[in-house]
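Biologist: Got a minute to go through this one with me? I'd like to ask some questions as we look.

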Amino acid sequence: VMSARKKDFAIFRSIGANQTALAKLVVIEQVMMSIIGFALSLIILNALSSNLPVISRTLPYMEIQDYVILMAAFVLFGMWLGLRFNKRVFKQTVIETLSMSKED
């Protein structure tokens, strides 16, 4: 997802967005995707647990704090990936990024 958005970030940079503003944008997007993905995973697991006995036997072993730890791990990992992507984007110039996106 982030690689496909390099062109978008190059355009933002060309109109004056700084590294801090883009970092906030990336982190917010990654956190939202992590939370939505985690919620959808739980919904799908609960829906499948009625049809698949393996899942229905496994779910009771997890407690609330286990789910909180998993969600926190997903959110932190998403934030880390977003910040890492932001650093990589700012290592290239806007011209380099836009010319590379034309080749793709």
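Modeller: Sure, and keep in mind that this is a predicted model. Fire away.

Biologist: Let's start at helix α5. Is E96 buried, partly exposed or exposed?

Modeller: E96 sits in helix α5, which spans residues 94–103. Its relative accessibility is 40%. Buried would need under 20% and exposed over 50%, so E96 comes out as partly exposed.

Biologist: And how far is E96 from A10 in space, C-alpha to C-alpha?

Modeller: Along the sequence, E96 and A10 are 86 residues apart. In space, C-alpha to C-alpha, the separation is 9.1 Å.

Biologist: A10 belongs to α1, then. Why are the buried residues of α1 on the same side of the helix?

Modeller: Helix α1 runs over residues 6–14, and F9, A10 and R13 are buried there. They sit on the same side of α1 because the arc they cover around the axis is only 105°.

Biologist: F9 caught my eye. Which residues make up the largest nonpolar core?

Modeller: In soluble globular proteins, nonpolar side chains tend to be buried together. Here α2 and α4 (64–89) each put at least two residues into the largest core. The five residues of that core are F9, L22, V26, F85 and V89.

Biologist: What does L22 touch, leaving out residues up to four places away in sequence?

Modeller: L22 is one of the core residues. One of its contacts, F9, is in that core too. With those sequence neighbours left out, L22 touches F9, F12, R13, A17, N86 and F90.

Biologist: What comes right after α1, and what is its phi?

Modeller: I15 is in the loop between α1 and α2, and it counts as exposed because its relative accessibility is 69%. The residue you're after has a positive phi: α1 is followed by G16, with phi near 110°.

Biologist: How far apart are S14 and L52 in space?

Modeller: S14 lies in helix α1, and at 46% relative accessibility it is partly exposed. S14 and L52 are 38 residues apart in sequence, while their C-alpha atoms are separated by 52 Å.

Biologist: L52 is in a surface patch, I think. How much area does that nonpolar patch have?

Modeller: Among its members is L40, which lies in helix α2 (residues 19–49). L40 has 48% relative accessibility, so it counts as partly exposed. Together with I28, M32, I36, I43, I44, L48 and L52, L40 makes a nonpolar surface patch of about 760 Å².

Definitions and conventions: Residues numbered from 1 in each chain as written. Predicted model: local features only at pLDDT ≥ 70, side-chain atom pairs only at ≥ 80, totals over all residues. Heavy atoms only, no water. Patch = residues over 30% accessible without salt bridge, like charges linked within 9 Å, V, L, I, M, F, W, Y side chains within 5 Å. Areas by Shrake-Rupley, 256 points an atom, 1.4 Å probe, with all protein chains shown as cover. Salt bridge = Lys/Arg side-chain N within 4 Å of Asp/Glu carboxyl O. Helix = DSSP H or I, 4+ residues; strand = E, 2+ residues; numbered from the N terminus. Buried < 20%, exposed > 50% of the residue type's maximum accessible area, 1.4 Å probe, protein only. Core = buried A, V, L, I, M, F, W, Y, C linked by side-chain atoms within 4.5 Å. Contact = heavy atoms within 4.5 Å. Arc of directions from axis to C-beta.
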